[in-house]
Amino acid sequence: MSSSNSTYDIIVVGAGHAGCEAALSAARMGCRVLLTAIDLDKLAAMPCSPSIGGMAKGHLVKEIDALGGEMAKVADQTAIQYRTLNTKKGPAVQASRSQNDKQRYHMVMKRVVEMQPGLDLKQALIERLHVEGDRVVGVEDHTGFGYAARAVVLATGTFLGGLVHIGFRSIPAGRAGEFASYSLPAHLRELGFDLGRLKTGTPPRLKRTSIDFTRFTAQGGDERPVPFSSFSGDPVLPQLPSFIGYTGERTHAIVRRNLSRSALYGGVITGISARYCPSFEDKIVKFPEKDRHQVILEPEGIDTEEIYASGLGNSLPLDVQIEVVRSVPGLECAEIMRPAYAIEYDYVNPVQLRNTLETQRVQGLYLAGQINGTSGYEEAAAQGLWAGINAACRVQGRPAFVLDRSQAYMGVMIDDLVTRGTREPYRMFTSRAEHRLILREDNADLRLMELGHELGLIGADAADELRRRRERIGAEIRRVRATVVRPTPKVNAYLEEQGSKPIQQGVHLDQLVKRAELGYHAVENLAPAPEPVTASAARQVAIEIKYEGYIQKQIKEIEKFKHLEKIRIPDDFDFRTVHGLSNELKNKLAEVRPTCLGQCARIDGITPAALSVLMVALKARGR
Ligand SMILES: Cc1cc2nc3c(=O)[nH]c(=O)nc-3n(C[C@H](O)[C@H](O)[C@H](O)COP(=O)(O)OP(=O)(O)OC[C@H]3O[C@@H](n4cnc5c(N)ncnc54)[C@H](O)[C@@H]3O)c2cc1C
C-alpha cells in the first residue's frame, strides 16, 4: 500500500451535510483536516426535498448557526422561499423552513469548503480504516492509497451497502447515479460493530413545462422572510411559490392494482422505513379511508426545469410511476425527469457511541449523520458539527463538548441516539424535547453562541454583539416589569382599539403584555423604550414576559434534571457487578455505558427501583 507522507489531524469520510460541518468546524478550530467524498460534484447534495428546516429541524439549523456552523448561512444564500410554520401556535413550536436551489446549495457549500484554510478536499472511495490496537490511525481508499490521521469521522450517509430500488430493479448505489460503499460496512462488521438496515425514498422529479399549474393552488412564502442565520441579511435569490394539489380515487386504484410490483410491497426491501415519512404506497395501504392525498410541487431551483413532487415518493416500476403521475389533476401530460426510488442502506446503531459521537469500540473514530440511523439534512449537519468539534477537542487535548437535553435540541438528539439507539430512521420532533419552551428557535443564539465563541468558531465581534443584545433584552424586560401604566383616556383608548379590557387603576406594563390579545406592541404604544429595541429583541422580551410562568416551571424541572446529570459514573464502573439489577438491565447498561445517573434513567427498562440500586452502588464505589 502506498500512502501520503503527511499525517492529518482529522480525516472526514463523506462530504454530505454531516461531513461538511465536521470538516469545517475542525479546520476552523485549527486542525489539519482531509475531507473525502465519492463524487465532489455531489458535495452537500440534497437527494430528497429541496428544503432546509421545518418542525424542530429549523431549531437545529439555528443551533448550528449559533455554534458557528455553516448550514444556516448557505441556506440563506440559496433560499428561494421562506416560511415560518405554526405562527398561530406558541413560540416553542414555531419553526423556519426554506426552499432552496439545490445546485446553488452544493456550489456555495463547496466553495466554502474549498476556501477553508487547513482543509483539503479529495475525491476518494474509502474502503478500510487503519486501526492499531483499539485506536484508529488512518484510512485506505479504493486505489490502495492510505492517509494517516489522529482521528477519523465517518459521515457516509445512505452509501454503506446502498441499494436503490425501482420496482423489482435493484442497483447498488449510494443514491441514484452514485457508487455505493460496500467494503467499508464489511470492515466495520469485522471490527465488531453492530450494523442494521434502514430504508428511505424519494418522489419523482417532473418537467416544469409539462405541468398544468392552473390546476394547482400556488403557495407563496412569507412576505417578510426571516433568515436562518444571525449573520445573514435579506434573501439574495428571487422567491418562488410552491403549488398544492391532490391525488384522487383514480390514482389510488392504480397503486392498489400494482402494489405487488412495488419494491416495498413486493418484498424486495428489508430495511426499516420511517413511520412519520410514509411512501405513497404506504399511504394508500395504511389510510384507505382517505379519498385524497396532498401533492406539493416544489421548484428544485431557479435555473432548472425540475420540479420535486412531494407526497409521491414510491418504489413502483417506471411504467406504473408514469400512470400514477398522469392520473393526478394537472399532471396529465407530466414528463418524469427522474423516477422515484427507494434506497436501503446500512447504519450503525448509535448505542455503540459515547455522547461525543466517538465509538466505544475504536478510539478516535467518530460517526455522524445518517450512518447513526437519523434521517434529514439538519439532523446530519448537527451531528457533523458535534463530531467535528469533539474530534478537534480530542486531538487538541481539550475537554469534550457535550450539550445536555436542557441546553439544545442537538443535546436531546445525541442523548436519544446514544442512550436508546434507534431501530427506524430517527427524525427530530419538538415533542422529543421535554424542555422545548426553553429550547426555542428565537433564543438559539442566546443559549449557544457564547459556547461557539469559547470553541473558537464564533468571532469576538459576534460574541460582543450577542452580549450587548442579551443585556439589552434583560434591561428591557426589567424596565417593562417596573413600568406602571396609568388608566389615562389614551391608554384605555389603545386597549379598546386592541379589543382589550380598559384598566381602572395603575397596572405594571408586563401585566398588560401578558394579555393574550396584547404583546410588545403595547410597550411601543404605551411606554416606548428610550432607545428602540430590534424586532428580534422585542420578540424575546414579549416571550419571556408572556410565558414567564411556564418558563419558570421548566427552569425548576431543569434543576431537577441537572441534579441526576451531575451524578457521574466512572468510565471503568462495571455495571455487571451491581447486585439487585436484572441481567437484562446489566447487559443494557454495559452496552450503553451511560456517563451519569440521569442518562441511566432514560434507558428503556430502567425503573426507579433500579435507579436507587445504582445510586447505592455508586455511593459505595465513591466510598
Ligand atoms: C433517496 C433519498 C431519500 C431521502 N429522503 C429523505 C426524506 O424524505 N427526509 C429526510 O429527512 N431525509 C431524507 N433523505 C436523507 C437525507 O438525504 C440525509 O439525511 C442526509 O443527506 C444525510 O446527510 P449525511 O451527511 O449523513 O450523508 P449524505 O448526505 O448521504 O452524504 C454522504 C457522503 O458520504 C460520502 N461517502 C459515502 N461512503 C463513502 C466512502 N466509503 N468513501 C468516501 N466517501 C463516502 C458520499 O460521497 C457523500 O458525500 C433521503 C436520502 C436519500 C438518498
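**A walk through helices, a sheet and two cysteines**

Let me start with helix H12, where the buried residues, meaning those under 20% relative accessible area with a 1.4 Å probe and protein chains only, are Ala462, Ala463, Leu466, Arg469, Ile473, Glu476, Ile477 and Val480. Before going on, I should say that this is a predicted model, in which local features need pLDDT of at least 70 and side-chain atom pairs count only at pLDDT 80 or more, while totals for chains, interfaces and linings use all residues. Residues are numbered from 1 along each chain as its sequence is written, and side-chain values use heavy atoms, with hydrogens and water left out.

Helices here are DSSP runs of H or I with at least four residues, and strands are runs of E with at least two, numbered from the N terminus. H12 covers residues 460–482, and its 23 residues reach 33 Å from first C-alpha to last, close to the 33 Å expected at 1.5 Å a residue, where the expected span is 1.5 Å times one less than the number of residues. Its buried residues pack against helices H11 (444–455), H14 (509–513), H15 (520–526) and H16 (535–546), contact being heavy atoms within 4.5 Å.

Now to helix H10, residues 409–420, whose end C-alpha atoms are 16 Å apart, in agreement with the 16 Å that its 12 residues should span. How many of its 12 residues are buried? The count is 11 of 12, so that H10 is mostly covered, and among the elements covering those buried residues are helix H2 (57–66) and helix H9 (377–395). Just after H10, glycine 421 takes a positive phi of about 70 degrees.

Next comes an open sheet, in which four strands follow the order E11-E10-E19-E12 with antiparallel pairing; two strands pair if DSSP finds at least two bridges between them. Strands E11 (169–172) and E12 (195–202) stand at the edges with a single partner strand each, so one side of each is left without a neighbour in the sheet. Eight bridges join E12 to E19 (residues 341–348), and glycine 196 has tyrosine 347 in E19 as its bridge partner.

Finally, the cysteines: a disulfide is a pair of cysteine sulfur atoms within 2.5 Å, and a search of the whole structure finds zero of them. Why is cysteine 31 without a bond? Its sulfur is 8.5 Å from the closest cysteine sulfur, in cysteine 393, which is too far. Cysteine 31 is buried at 3% relative accessibility, whereas cysteine 48 is partly exposed, at 25%, a class that lies between buried and exposed, the latter being over 50%.
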